[in-house]
Amino acid sequence: MYYDLLLKQLSSFFEENEITALEDGTFSGKGKKIKINYNESNKCYELSLAEEGEDFSVISSYLFDDTQREKDIESVAIDFADSLRKQLSIAKKRAAANVALPTAQGGDTVTLSGLTQKLLAFFPQNKETYKAHVAQHNRFLATMFYKEYLIPDIKALLNSGNKKQIKKFYDAMVDIFVHGDEETVSFSVACVSAAIFDNEERKATAKELTTDCTTYYSNLEHFCQKLKSSKKLRETLIK
């Protein structure tokens, strides 16, 4: 269940710490063997560790049943990386000062990095917070960062009454929606929906200011309905 995606989420951590894949599907690093498997009987991902030549023992397990979705695998990766840091005595190497801010990366298609760059331009108070976040987690955890910082700031902007800045914000989001890749389009809809879903006035303003792209507002409206009906989705996106 999303095993390949879990390994992809852990790949940067493995590379940074010289943890390599073995032919039998396990991994090796820091003088230990590492195994990741899904236990069907208890619906858990299990992380196991062993000294070379010894039996594996489970050091962390993470419940992942049929209610979980693809996006939830990120939480498993975070938990397993933290467990390996403790067990293998791996220090977090990155300092916030060494973290680069996201860039638009060029090209005709906007990526999540480009969307995040644009939002940090609107809310520059979060630039140092972004660096600290990446340094702490050794990677950018988009859903977590958007929930904690960017979505609350979007909501504050939309409540500010600054018509010029709000129009500029919606113009930027529509442009990114039109030119973004699949992941970026999803985030451009989700973060705005999370800021407007419980307020009819904010929704009306969104509709008024996105008339050049009615598809964008239709997506906002659909996602707002999903937020209203799903407590889990609200907890994922709304602080």
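## A walk from the sheet to the α8–α9 pair

Start by selecting the five strands: 5 strands form an open sheet, in the order β1-β2-β3-β4-β5, with antiparallel pairing. Color the two edges next. They are β1 (20–21) and β5 (57–63), each of which pairs on one side only. Keep in mind as you click around that this is a predicted model.

**Zoom out for a moment**

Show the whole chain as a cartoon. You should be able to count 10 helices and 5 strands. The C-alpha atoms fill a box of roughly 65 × 40 × 30 Å along the principal axes. Of the 239 residues in the chain, 45% are buried. Among contacts with a separation of 6 or more, 57% are between residues 24 or more positions apart.

**Into the sheet: β2 and β3**

Now select 27–29, which is β2, together with 32–39, which is β3. These two strands run antiparallel and are joined by 3 bridges. Show side chains for Phe 27 and look across to β3, where Ile 34 stands opposite. Then follow the chain around the turn: β2 and β3 make a hairpin with 2 residues between them. Click on Lys 30 in that turn, and you'll find a positive phi of about 55 degrees.

**On to β3 and β4**

Add residues 44–51, strand β4, which pairs with β3 in the antiparallel sense over 8 bridges. Two cross-strand pairs are handy to label here. Lys 35 stands opposite Ser 48 in β4, and Ile 36 stands opposite Leu 47 in β4. If you're wondering which way neighboring side chains should point, in a regular strand they alternate between the two faces of the sheet.

These strands form a hairpin as well, with 4 residues between them. Select Lys 43 in the turn; its phi is positive, at about 55 degrees.

How many of the 8 residues of β3 are buried? Color by accessibility and you'll see 6 of them are, leaving β3 mostly covered.

**The helices lying across the sheet**

Select residues 3–16 to bring up helix α1. This helix lies across β2, β3 and β4, and runs at about 155 degrees to β3. Next, pick residues 73–87 for helix α2, which lies across β3, β4 and β5 at about 155 degrees to β5.

While you're on α2, stop at Asp 82, which is found in this helix. Is Asp 82 buried or partly exposed? Its relative accessibility is 30%, so Asp 82 counts as partly exposed. Try a distance from there to Tyr 62: the two residues are 20 apart in sequence, and their C-alpha atoms are 13 Å apart in space.

**Last stop: α8 and α9**

Jump along the chain and select 200–209 (helix α8) and 214–229 (helix α9). Their axes come within 10 Å and cross at roughly 160 degrees. Because the angle is over 145 degrees, α8 is roughly antiparallel to α9. The crossing is right-handed.

Show sticks for the residues that make the contact:

- from α8, Glu 200, Lys 203, Ala 206 and Lys 207
- from α9, Tyr 217, Leu 220 and Lys 228

What kinds of residues make up the contact of α8 with α9? They divide into 3 nonpolar, no polar and 4 charged.

Notes: Residues numbered from 1 in each chain as written. Predicted model: local features only at pLDDT ≥ 70, side-chain atom pairs only at ≥ 80, totals over all residues. Heavy atoms only, no water. Axes fitted to C-alpha atoms, helices over the stretch in contact; angles between N-to-C directions. Parallel < 35°, antiparallel > 145°, perpendicular 65-115°, else oblique. Left-handed = near helix turned anticlockwise from the far one by under 90°. Contact = heavy atoms within 4.5 Å. Nonpolar A, V, L, I, M, F, W, Y, C, P; charged D, E, K, R; others polar. Pairing = 2+ DSSP bridges. Buried < 20%, exposed > 50% of the residue type's maximum accessible area, 1.4 Å probe, protein only.
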